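Let's take a friendly walk through a protein fold. Have a look at the sequence and the 3D picture, then read on.

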Amino acid sequence: MDGLLSKLRNLDAYPKVNEDFYSRTLSGGIITLASSVVMLLLFVSELRLYLHAVTETTLRVDTSRGEQLRINFDVTFPALQCSIISLDAMDISGQEHLDVKHDIFKQRIDAHGKVIATRQDAVGGMKMEKPLQHHGGRLEHNETYCGSCYGAQESDDQCCNSCEDVREAYRKKGWGVSNPDLLDQCKREGFLQAIKDEEGEGCNIYGFIEVNKVAGNFHFAPGKSFQQSNVHVHDLLPFQKDSFNVSHKINKLSFGEYFPGVVNPLDGMHRAQWVQHSSYGMYQYFIKVVPTVYTDINDHIILSNQFSVTEHFRSSESGRIQALPGVFFFYDLSPIKVTFTEQHVSFLHFLTNVCAIVGGVFTVSGIIDSFVYHGQRAIKKKMEIGKFN
């Protein structure tokens, strides 16, 4: 038994030094104190890293198909009234969403940016007394109202019961409304008067649209849009204005859900606030959308997107309209998907780093202490030799 214990004692890799041979110095105490503080700070830093999740980033090819892309926006037009702004969206697959009204809200604002009224954009008009019928006569007491479409009806029994219905019928025909006061519905609803009442006001339009996950564009522009000879145009004649100031500020623009750490480059930035100096102008934003998947520490998956953007402005030349006045967002999708995954550092990794901190600081402080100690001894010895000489 004694032989076994003796063999174990010989395996001791940490030989002990008799306390009689210890030499404690002031410099050693200072180095010990400093190394202890450094060791504590590094330990606390490593402990915080262990307790908090870290995010791992990976890149892969986006193979998703048939998904929808949600576009969230909040744009303020300080010099363009709500009654004349429309929102259109279209993509390279040929799908169009003209004059989008679902999930879109408009706030009338005064010259100081104060909200006057808020309403959800919707189709429909006011009720009218004895309006013009589709057969040309006026509504009688025993007759059901069916307003005239003024030649734009697609069938004999189609009715246009509001100014919006007439404009929609004209849009489908590819016609423009030159003078709303010539339309019974628009005149009775006070279409032009409503526009005049909002003169000098601005508009804050916000909401979201869902489009196919392919390249496309959406834009805010005055007038009602329609197709004419396969060209997308806006009917500006009803507003009887020579110019439209589409200066704007983008308060928010995002593609998909919010996730921690996302930075949308146009949100409230100064460069997103334009001041128009010419009569007509087209503001263009060319956006590269990067699909992003964020998985938090609880394995909750958020499908979203990031984007980068470049900007361009097209103005009129020599008084001729070269571009439709409005704010256009052209977006394209990146084939690369970014994946963010939150995860905790493993305990073994934490333990390894703690051991590395303790061992590293102890070793470095020992080297420094040895250098200082032997340096002091050498200086002291030279001083003693100098005294004897």
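What follows starts with the whole chain, moves to its nonpolar cores, and ends with one strand and its partners.

**The whole chain**

First things first: this is a predicted model. The chain has 389 residues, and 39% of them are buried. Its secondary structure adds up to six helices and 15 strands. How much accessible surface does the chain have? The total is about 23,700 Å², and carbon and sulfur atoms account for 56% of that. Now take the contacts between residues at least 6 apart in sequence: 72% of these link residues at least 24 apart.

**The nonpolar cores**

In soluble globular proteins, nonpolar side chains tend to be buried together. Here, the largest nonpolar core holds 47 residues. Which of them touch the most other members? That would be Ile 209, Phe 218, Phe 220, Leu 253, Ile 287 and Phe 329. Strand β2 (residues 68–77) is the top contributor to this core, with five residues. And where does the core lie? Domain 2 (61–111 + 201–342) and domain 3 (129–199) both supply residues to it, so the core sits between them.

Zoom in on Leu 253 for a moment. If you skip its neighbours within four places in sequence, Leu 253 is in contact with several residues, including Ile 71, Phe 73, Phe 218, Ile 287 and Phe 329. Not every partner is nonpolar by name, though: Asn 72, Asn 264 and Asp 267 are also among the contacts of Leu 253.

There's a second core too, separate and made of six residues, among them Val 262, Tyr 294, Ile 302 and Val 338.

**Strand β12 and its partners**

Now find strand β12, which covers residues 281–295. Is this strand mostly covered or mostly open? Mostly covered: 12 of its 15 residues are buried. The table shows how β12 pairs with other strands.

| Partner of β12 | Residues | Sense | Bridges |
|---|---|---|---|
| β13 | 301–315 | antiparallel | 15 bridges |
| β14 | 326–333 | parallel | eight bridges |
| β15 | 336–343 | parallel | four bridges |

You can spot an example of each pairing in the 3D view. Tyr 285 stands opposite Glu 311 in β13, Gln 284 has Phe 328 in β14 as its bridge partner, and Thr 292 is opposite Val 338 in β15. That Val 338 is also a member of the second core.

One last stop is the turn. β12 and β13 make a hairpin, with five residues between the two strands. In that turn, Asp 299 has a positive phi of about 65°.

Definitions and conventions. Residues numbered from 1 in each chain as written. Predicted model: local features only at pLDDT ≥ 70, side-chain atom pairs only at ≥ 80, totals over all residues. Heavy atoms only, no water. Buried < 20%, exposed > 50% of the residue type's maximum accessible area, 1.4 Å probe, protein only. Contact = heavy atoms within 4.5 Å. Areas by Shrake-Rupley, 256 points an atom, 1.4 Å probe, with all protein chains shown as cover. Core = buried A, V, L, I, M, F, W, Y, C linked by side-chain atoms within 4.5 Å. Domains from an automatic or database assignment. Pairing = 2+ DSSP bridges.
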